[in-house]
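Please open the model in a viewer and keep the sequence panel visible. This tour proposes a series of selections and describes what is found at each one.

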Amino acid sequence: MHTPHLAGVGGFTTGTVLAIVAAVLFAVGSVLQHQALSGDGPGGGVDLRVLVRQPVWIVGQATTVSGSLVQVAALALAPVSIVQPMLAGALVIALGIRAVRERCLPSGGEVLGAACTIGGLTVFLLAARPAQGRPDHLPAPVVVLCVVAGVVLLVGLAARARHGTAGAVVCGVCGGIAAGCAAVLISAAFKAAARAAHVVSSGLFWLLLVAAVVVAVTSQLGSQQAYSRGALAWSLPALTVVDPLAAIPAARLLLGERLEPGHAAVWAPAGLLAVVGVVLLARTDSSCRRPVLLRPGRR
């Protein structure tokens, strides 16, 4: 039985670079959206009717959409197990952007979170050496339909959650699962397209493409539900952490993607360290406690 070569990040340079670009775009989008959200009440609620009238929020959304398009390109060139974890680095990039814009030094908790995230992701990707599965390893149509139905049902049930911390976490977890599944379906669609001699005649390709669009839209609805249920300090960690946690095993089951099993003692703790870093970053207070004092006469 053929075993795919575990090339790791070095074997997917272009896809890895695109994943980094997507993370940067997501970071810019999150900073702009956070700026728009900063005017909301102390409870952290989100009134979409107000947000859609704010140019900053619209630009942030447009940047996020651009990041999603770049992410799709990255998924066409690299395994899900590389692309999705790297997107968690957007929080670190957003921290740097916010520090420069607000002329504020990061707090100790933010520095610790950034160090854990970067260090954990680096060790995880180097030790796990993610690889794509066999070209003929694709999910059966019935499995694809079950994934779509499960995601839609999950996010639909989460929509019934009440406002508050629990609701934000529940919706964030469901939105993260949807986002991870969407990434896997997108990757599967590219894989099916590469296999088909004539894409138009490939029923599986079109099924995967439609399924990916439906699940991606559902994941966006799930994330907006999470934002509207409570403070970003609760919804954002759930969305960011659960996305790769759902995508990696889903890619293993549906696409046959593999991580280096012999290095699990290294990459598993490293992944956990990255998760801790993401949670620390997402839950830090956005208020500036260490402003950079400029010299008199300088702006």
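Two residues are said to be in contact when they have heavy atoms within 4.5 Å. With that in mind, note that the model is a predicted one.

**The whole chain**

Begin by colouring the protein by secondary structure. There are 11 helices and zero strands, and the pattern along the sequence reads α-α-α-α-α-α-α-α-α-α-α. Of the 299 residues, 45% count as buried. Consider next the contacts between residues at least 6 apart in sequence: 85% of these join residues at least 24 apart.

**First stop: Thr-16**

Select Thr-16, which is placed in helix 1, residues 13-37. Is Thr-16 buried or exposed? Its relative accessibility is 8%, so Thr-16 counts as buried, the cut-off for buried being under 20%. Show the residues around Thr-16: leaving out those up to four places away in sequence, Thr-16 touches Val-9, Ala-78, Ile-82 and Met-86.

**Second stop: helix 4 and its partners**

Keep Ile-82 and Met-86 on display, since both belong to helix 4 and the next selections concern that helix. In general, two packed helices are described by the angle between their axes and the distance between the axes.

Select helix 3 (55-77) and helix 4 (80-87). Their axes come within 8 Å and cross at roughly 150°. The two helices are therefore roughly antiparallel to each other, as angles over 145 degrees count as such. At this contact, Gln-71, Ala-74 and Leu-75 of helix 3 meet Val-80, Val-83, Gln-84 and Leu-87 of helix 4. By class, five of the residues are nonpolar, two are polar and none is charged.

Now replace helix 3 with helix 6 (108-128). Helix 4 and helix 6 pack at an angle of about 175°, and their axes lie 11 Å apart. Helix 4 is therefore roughly antiparallel to helix 6. Here Ser-81, Ile-82, Pro-85 and Met-86 from helix 4 meet Leu-121, Phe-124 and Leu-125 from helix 6. This contact has six nonpolar residues, one polar residue and no charged residues.

**Third stop: Trp-267**

Leave Phe-124 on display and select Trp-267, which lies in helix 11. Trp-267 is buried because its relative accessible area is 18%, under the 20% cut-off. Which residues does Trp-267 contact, aside from its neighbours within four places in sequence? They are Phe-124, Ala-127, Ala-128, Leu-259 and Glu-260. Draw a distance from the side chain of Trp-267 to the backbone oxygen of Glu-260; the value is 2.7 Å. Then add Gly-120, which is 147 residues from Trp-267 in sequence but 8.3 Å away in space, C-alpha to C-alpha.

**Last stop: the nonpolar cores**

In soluble globular proteins, nonpolar side chains tend to be buried together. The largest nonpolar core of this model has 43 residues, of which Val-80, Phe-124, Val-184 and Leu-185 touch the most other members. Among the elements that give two or more residues to this core are helix 7 (141-158), helix 8 (165-195) and helix 10 (232-255). Which helix gives the most? Helix 8 does, with 10 residues.

Select Val-184 to see part of this core. Apart from neighbours within four places in sequence, Val-184 is in contact with Val-80, Ala-247, Ala-250, Ala-251, Leu-254 and Leu-255. Finally, select Ala-88, Leu-91, Val-241 and Ala-282, which are among the 11 residues of another core, lying apart from the largest one.

Key. Residues are numbered from 1 along each chain as its sequence is written. This is a predicted model: local features need pLDDT of at least 70, side-chain atom pairs count only at pLDDT 80 or more; totals for chains, interfaces and linings use all residues. Side-chain values use heavy atoms; hydrogens and water are left out. A nonpolar core is a set of buried Ala, Val, Leu, Ile, Met, Phe, Trp, Tyr and Cys residues joined through side-chain atoms within 4.5 Å. Buried means under 20% relative accessible area, exposed over 50%, partly exposed in between (1.4 Å probe, protein chains only). Helices (H or I, at least four residues) and strands (E, at least two) are DSSP runs, numbered from the N terminus. Axes are lines fitted to C-alpha atoms, for helices over the stretch in contact, and angles run from 0 to 180 degrees between N-to-C directions. Angles under 35 degrees count as roughly parallel, over 145 as roughly antiparallel, 65 to 115 as roughly perpendicular and the rest as oblique. Ala, Val, Leu, Ile, Met, Phe, Trp, Tyr, Cys and Pro count as nonpolar, Asp, Glu, Lys and Arg as charged, and the others, Gly among them, as polar. A polar contact is a pair of N or O atoms within 3.5 Å; within protein, one must be able to donate a hydrogen and the other to accept it, and residues adjacent in sequence count only if both atoms are side-chain atoms.
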